Amino acid sequence: MNVSIQGTIIDFYEKPIFVNKDTGESSSKKYAVQMLSNIKLNNGETKKDLIDITIDEVNINKYKSNIGKEIEINCKLYSKTAISLTAV
């Protein structure tokens with residue numbers, strides 16, 4: 001399932017690398033965009049929510065140049081427990 005997230009790009013960062021303690025294998029570098037988005041509540045109110053969206057390394061400059069700007073990011077929705085977002 002794909003979703004579109006609208007909001008203001010606040011920042012981006014490199015995520016910590018995961019290292020499997022048993023095998024010593026490590027994950028590749030991953031990056032995330034932090035987006036401030038308006039979330040509509042069921043009582044009609046709106047709240048601001050900080051959302052971290054995983055991005056590919058090749059897209060860093062695209063999002064870095066949009067810090068402080070309102071944009072829309074198309075994301076693939078996946079979840080084991082809590083909902084996680086990845087830019088597509």
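Start with the contacts of the whole chain: among those with a separation of 6 or more, 49% join residues 24 or more positions apart. Keep in mind as you look around that this is a predicted model.

**Whole chain**

Show the chain as a cartoon and follow it from the N terminus. You will pass 1 helix and 5 strands, in the order β-β-β-α-β-β. Switch to the C-alpha trace and line up the principal axes: the trace spans about 50 × 30 × 20 Å.

Now turn on the surface. About 6,500 Å² is exposed, with carbon and sulfur atoms supplying 48% of that area. Colouring by burial will pick out 25% of the 88 residues as buried. For a charge view, colour the 12 positive and 11 negative side chains; the centres of these two sets lie 1 Å apart.

**The nonpolar core**

Next, hide the surface and select I9, M35, I53, I55, Y63 and I73. These residues touch the most other members of the largest nonpolar core, which has 14 residues. To see where the core comes from, colour β1 (2–14), β2, β3 (46–55), α1 (60–64) and β4, each of which supplies at least two of its residues. In soluble globular proteins, nonpolar side chains tend to be buried together.

Stay with one of these core residues, I55, and show what surrounds it. Beyond its neighbours within four places in sequence, I55 is in contact with Y31, A32, V33, I60, Y63 and A87. Y63 is a name you have already selected, as it is listed with I55 among the core members that touch the most others.

**Q34, in strand β2**

Move on to strand β2, residues 31–40, and select Q34 there. Is Q34 buried or exposed? Its relative accessible area is 18%, so Q34 counts as buried. Now show its contacts, leaving out residues up to four places away in sequence. One run to display is T8, I9, I10, D11, F12 and Y13, and Q34 also touches L50, I51 and D52. I9 in that run is one of the core residues from the earlier stop.

**L77, in strand β4**

For the last stop, go to strand β4, residues 70–79, and pick L77. Here the relative accessibility is 29%, so L77 counts as partly exposed. Finally, draw a distance from the C-alpha atom of L77 to that of E57. How far are these C-alpha atoms separated? Your viewer should show 19 Å, for two residues that are 20 residues apart along the chain.

Technical notes. Residues are numbered from 1 along each chain as its sequence is written. This is a predicted model: local features need pLDDT of at least 70, side-chain atom pairs count only at pLDDT 80 or more; totals for chains, interfaces and linings use all residues. Side-chain values use heavy atoms; hydrogens and water are left out. Helices (H or I, at least four residues) and strands (E, at least two) are DSSP runs, numbered from the N terminus. Buried means under 20% relative accessible area, exposed over 50%, partly exposed in between (1.4 Å probe, protein chains only). Contact means heavy atoms within 4.5 Å. A nonpolar core is a set of buried Ala, Val, Leu, Ile, Met, Phe, Trp, Tyr and Cys residues joined through side-chain atoms within 4.5 Å. Accessible areas come from the Shrake-Rupley method with a 1.4 Å probe; for residues, only the protein chains shown count as cover. Lys and Arg count as positive and Asp and Glu as negative; His and the chain ends are not counted. The place of a charge is taken as NZ of Lys, CZ of Arg, CG of Asp or CD of Glu.
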